[in-house]
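Welcome to a short set of exercises on reading a protein and its ligands. Keep the sequence and the 3D view open, and try each task before you look at the solution.

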Amino acid sequence: MSSLLQGVNLYLIGMMGAGKTTVGQLLANHLGYRFLDTDSVITQSAGRSINQLFAEEGEPAFRQLESDVLAQVCAYTQLTVATGGGIVLRRENWSYLHHGLVVWLDVPVELLYTRLAEDTTRPLLQDADPHGKLRSLLEERTPLYSQADLKITVREEETPEEIANRIIEAIPSVVKPQVSH
Ligand SMILES: Nc1ncnc2c1ncn2[C@@H]1O[C@H](COP(=O)(O)OP(=O)(O)OP(=O)(O)O)[C@@H](O)[C@H]1O
Ligand SMILES: O=C(O)C1=C[C@@H](O)[C@@H](O)[C@H](O)C1
Ligand SMILES: [Mg+2]
């Protein structure tokens, strides 16, 4: 599989709670790739949590940091990258994402809500109606997530390991042909 990918990076996209971080780590192990999480790179280099960054700098500043990290990450190969849920929002980010293979973890809103109901680390969900907020974010972002090379629709009972295996099985059907010189 790794030879088929020829070092091309995998980018996981999807809503918060979709499992990008969880599944991304497993995928990296399977592929012998390194794992990177854009949210973690941002929080580690800023020395602040995502909640703090949103509160103290605002969402636009966070989005700029996210684009900066993505631009840097793209210089490397053999990476599995878990992205932030909003990475799809900026057009410029797509020019980076399309350097690699983009996989959308598509998870029903009910399941996202169950997973994140007790979670306070996602600032966009600190809302009077977190369920409605998830629904409206997904509706707004679905056309953007749909630009992925591969869509994996996640079922409720599926484990992260099963999802990672399903992605590995599907990669040959979408891998981009390499240009030979
Ligand atoms: N297949 C799964 N089955 C059960 N729980 C899962 C599954 N995938 C992820 N989870 C759980 O759901 C929560 C969110 O997962 P994770 O942090 O990987 O999502 P994410 O897509 O990276 O979200 P974000 O965009 O906010 O970073 C975690 O508690 C994780 O353990
Ligand atoms: O969906 C989003 O906009 C976000 C998802 C998380 O990964 C973080 O990047 C942050 O909480 C914003
Ligand atoms: Mg994550």
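A polar contact, as used here, is a pair of N or O atoms within 3.5 Å. Keep in mind as you work that the model is predicted.

**Exercise 1. The start and end of a helix**

Task: Find which side-chain oxygen reaches a backbone nitrogen at the start of helix H3, and say what follows H3.

Solution:
- Step 1. Locate helix H3, which covers residues 38–46.
- Step 2. Look at the start of H3: a side-chain oxygen of Asp37 comes to within 3.0 Å of the backbone nitrogen of Asp39. This pair is a polar contact, because the cut-off is 3.5 Å.
- Step 3. Now go to the other side of the helix. H3 is followed by Gly47, which has a positive phi near 65 degrees.

**Exercise 2. The surroundings of ligand 2**

Task: Describe which residues surround ligand 2 and which polar atoms lie close to its oxygen atoms.

Solution:
- Step 1. List the neighbours. Among them are Met16, Ile50, Phe62, Arg63, Glu66, Pro123 and Leu124, together with the glycines Gly84, Gly85 and Gly86.
- Step 2. Sort the shell by character: five residues are nonpolar, three are polar and four are charged.
- Step 3. Ask which element gives the largest share of this shell. Helix H5 (residues 59–73) does, with three residues.
- Step 4. Check the polar atoms. The side chain of Asp39 has an N or O atom 2.6 Å from an oxygen atom of ligand 2. For Arg141, a polar side-chain atom is 2.7 Å from a ligand 2 oxygen. Gly85 uses its backbone instead, with an N or O atom 3.1 Å from an oxygen of ligand 2.
- Step 5. Look at the cover. On its own, ligand 2 exposes 310 Å², and the protein buries 97% of that.

**Exercise 3. The surroundings of ligand 1**

Task: Work out which residues come nearest to ligand 1 and how much of its accessible area the protein covers.

Solution:
- Step 1. Start with the neighbours. There are 16 residues around ligand 1, and Gly17, Lys20, Thr21, Thr22 and Arg122 come nearest.
- Step 2. Divide the shell by character: five nonpolar, six polar and five charged residues.
- Step 3. Follow the polar atoms. A polar side-chain atom of Thr22 is 2.5 Å from an oxygen atom of ligand 1. The backbone of Ala18 places an N or O atom 3.2 Å from a ligand 1 oxygen. Glu158 has a polar backbone atom 3.0 Å from a nitrogen atom of the ligand.
- Step 4. Turn to the area. Ligand 1 has 630 Å² of accessible area on its own, and the protein covers 73% of it.
- Step 5. Name the elements involved. H2 and helix H9 (160–174) each give two or more residues to the shell, and the largest share, three residues, comes from H2.

**Exercise 4. The largest pocket**

Task: Find where ligand 1 and ligand 2 sit, and describe the lining of that place.

Solution:
- Step 1. Place the ligands. Ligand 2 sits in the largest pocket, and ligand 1 sits in the largest pocket too.
- Step 2. Give its volume: about 440 Å³ of space lies there. Its lining has 27 residues, and Met16, Asp39, Ile50, Gly85 and Arg122 are the closest to the centre.
- Step 3. Classify the lining: eight residues are nonpolar, 11 polar and eight charged.
- Step 4. Trace the helices. Helix H2 (20–31), helix H4 (50–57), H5 and helix H7 (109–116) each supply at least two lining residues.

**Exercise 5. Positive phi angles**

Task: Say where Gln6 and Gln78 lie, and what their phi angles are.

Solution:
- Step 1. Recall the background: most residues other than glycine have a negative phi.
- Step 2. Gln6 has a positive phi of about 50 degrees, and its place is in the loop between helix H1 (2–5) and strand E1 (10–13).
- Step 3. Gln78 has a positive phi of about 55 degrees. Gln78 lies in the loop between H5 and strand E3 (79–82).

Technical notes: Residues numbered from 1 in each chain as written. Chains lettered and ligands numbered in written order. Predicted model: local features only at pLDDT ≥ 70, side-chain atom pairs only at ≥ 80, totals over all residues. Heavy atoms only, no water. Near = heavy atom within 4 Å. Polar contact = N/O pair within 3.5 Å; in protein donor to acceptor, adjacent residues only side chain to side chain. Areas by Shrake-Rupley, 256 points an atom, 1.4 Å probe, with all protein chains shown as cover. 1 Å grid on protein atoms, 1.4 Å probe; cavity = no way out; pocket = protein on both sides within 12 Å on 5 of 7 lines; lining within 4 Å. Sits in = over half its atoms within 2 Å of the grid points. Helix = DSSP H or I, 4+ residues; strand = E, 2+ residues; numbered from the N terminus. Nonpolar A, V, L, I, M, F, W, Y, C, P; charged D, E, K, R; others polar. Points joined across faces, edges and corners; volume = space filled by probe spheres on them.
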